[in-house]
Amino acid sequence: ACLAASHHSRPTVPKALFSLDNAAIAARRPPSRPRIHARSSKGAEGESTKMEARSRSGERGGTGGEYPDVMAPRPASSAYLPGLTRSVYERDHAVITTESRVWCGLPGWTPGKHSGAYLASPQMPGAIFSMVLVRMQPGCEAGAPLPGVERFVFLVEGDVHGKFENVSTPGKTDYRLVPGGDDYAFFPALPHGKHTIEPGANGAVFLMFEQVYRPLIRSGQKPKVVIGNVDAQEMLDPGAPEVFGLRKLLPLSEEFDFNIHIMDFAPGQYLHCNEMHYNQHGMLMLEGQGIYRLRDDKWYHVRAGDAIYMAPYVPQWYAALDPGRTRYILYKDTYRDPLQSGSA
């Protein structure tokens, strides 16, 4: 009797709240892959940015290239539920998913021709670097980094070109990061790494890391400009029993105070070690999906386009899920004693 009374006393929900029928929902749902997608979004100054439409029918098959899922991720169950997010901010880590990106203008960059979404910065506990996803329209010129700040750029979509001056090379040298090439560039802190960045005819998207350079205490060596390609880097042995693929994109020498790793996991592969170290990380998922465990009680389903900040000493572990490989790019501070100011 109590249950019946409770049932009849419930308030009636207005039908308008559930007025979308199945046909309307299907109409709002993106088409299944393979598909052609074109990204159109608002820049920081209100202008529209339209990236070149590109076919998804030719999958990369694990050979690298452009990473369209970073800007146009596969639909998630929360895609049609406004207000929901998988993003999390904790005292020692943060997960920033694609629906939580906030785009803004970057100081010194061409107004109305670009926007950036910060995924990590020193406002996070322990962070000494920034990680920002940048999109540039044709005609944009990148602003210079702050004095004493070094910069790393990893191409995600499109192409960029420019000039740089190296510490050991008088005059200006041309460079170009090409579409589908897994290309990247490192520019030392000014005055040794003066450079320009401009997009190609269809614009560009790239991930950018910046950090105040920490010179070696016992040496006057300075890092040089590096223009590179992921596939040109040696596949390193991560040490048994680990089986994931590991490439380090910067030279393994002490004048560099951070490195950038590319890590590849086949479905079912995982970290055997639940890592815990003084180094901090900024990570962006480029392909695939999996489970990231942080601390002893946080388990996150992450996929292409998601970013994670990991503070020093936070326990961390990853396992890759079907259907394809996981590839992510990872910042790691290196070659500096933890006692050195600003190291952790």
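Phenylalanine 209 touches Phe129, Ser130, Met131, Glu150, Arg151, Phe152, Ile260, Gly282, Ile329 and Tyr331, leaving aside residues up to four places away in sequence. This comes from a predicted model, in which the secondary structure of the protein amounts to 2 helices and 22 strands. The average pLDDT of the protein is 83, and 77% of the residues score at least 70.

**Nonpolar cores and burial**

- The largest nonpolar core has 36 residues, of which Phe152, Phe154, Phe209, Leu284 and Ile329 touch the most other members.
- A second core, separate from the largest one, is made of 20 residues, including Val134, Cys140, Val153 and Phe187.
- In soluble globular proteins, nonpolar side chains tend to be buried together.
- Across the 344 residues of the protein, 48% count as buried, and among contacts between residues at least 6 apart in sequence, 70% join residues at least 24 apart.

**Strand E9 and its neighbours**

- Strand E9, which spans residues 129-136, has 8 of its 8 residues buried, so this strand is largely enclosed by the rest of the structure.
- The two faces of E9 are both covered, with Phe129, Met131, Leu133 and Arg135 buried on one side, and Ser130, Val132, Val134 and Met136 buried on the other.
- Strand E8, at residues 114-120, pairs with E9 in the antiparallel sense over 6 bridges, and in this pairing histidine 114 has methionine 136 of E9 as its bridge partner.
- Strand E13, at residues 198-212, also runs antiparallel to E9 and is joined to it by 8 bridges; here arginine 135 stands opposite valine 205 of E13.

**The seven-stranded open sheet**

- An open sheet of 7 strands follows the order E5-E6-E20-E17-E22-E16-E15, and its pairing is antiparallel.
- Its edge strands are E5 (88-89) and E15 (245-248), each of which pairs on one side only.
- Within this order, strand E17 (residues 281-287) and strand E20 (residues 307-310) run antiparallel and are joined by 4 bridges, with leucine 284 having alanine 307 in E20 as its bridge partner.
- Leucine 284 is also listed in the largest nonpolar core, among the residues that touch the most other members.
- Strands of a sheet pair through backbone hydrogen bonds, either parallel or antiparallel.

**Aspartate 182**

- Aspartate 182 lies in the loop between strand E11 (169-177) and strand E12 (183-187).
- With a relative accessible area of 2%, aspartate 182 is buried, because it falls under the 20% cut-off for that class.
- The side chain of aspartate 182 makes a polar contact, at 3.1 Å, with the side chain of arginine 327.

**Cysteines**

- The count of disulfides in the model comes to 0.
- Cysteine 140 has a relative accessible area of 1% and is therefore buried, whereas cysteine 273, at 38% relative accessibility, counts as partly exposed.
- Cysteine 140 is also one of the residues included in the second nonpolar core.

**Confidence and limits of reading**

- Over residues 1-62 the pLDDT stays under 50, and for this stretch the model has 75 contacts beyond four places in sequence.
- Where pLDDT is low, the predicted coordinates should not be read in detail.

Conventions:
Residues are numbered from 1 along each chain as its sequence is written. This is a predicted model: local features need pLDDT of at least 70, side-chain atom pairs count only at pLDDT 80 or more; totals for chains, interfaces and linings use all residues. Side-chain values use heavy atoms; hydrogens and water are left out. pLDDT is the predictor's confidence in each residue, from 0 to 100. Contact means heavy atoms within 4.5 Å. Two strands pair if DSSP finds at least two bridges between them. A disulfide is a pair of cysteine sulfur atoms within 2.5 Å. Buried means under 20% relative accessible area, exposed over 50%, partly exposed in between (1.4 Å probe, protein chains only). A polar contact is a pair of N or O atoms within 3.5 Å; within protein, one must be able to donate a hydrogen and the other to accept it, and residues adjacent in sequence count only if both atoms are side-chain atoms. A nonpolar core is a set of buried Ala, Val, Leu, Ile, Met, Phe, Trp, Tyr and Cys residues joined through side-chain atoms within 4.5 Å.
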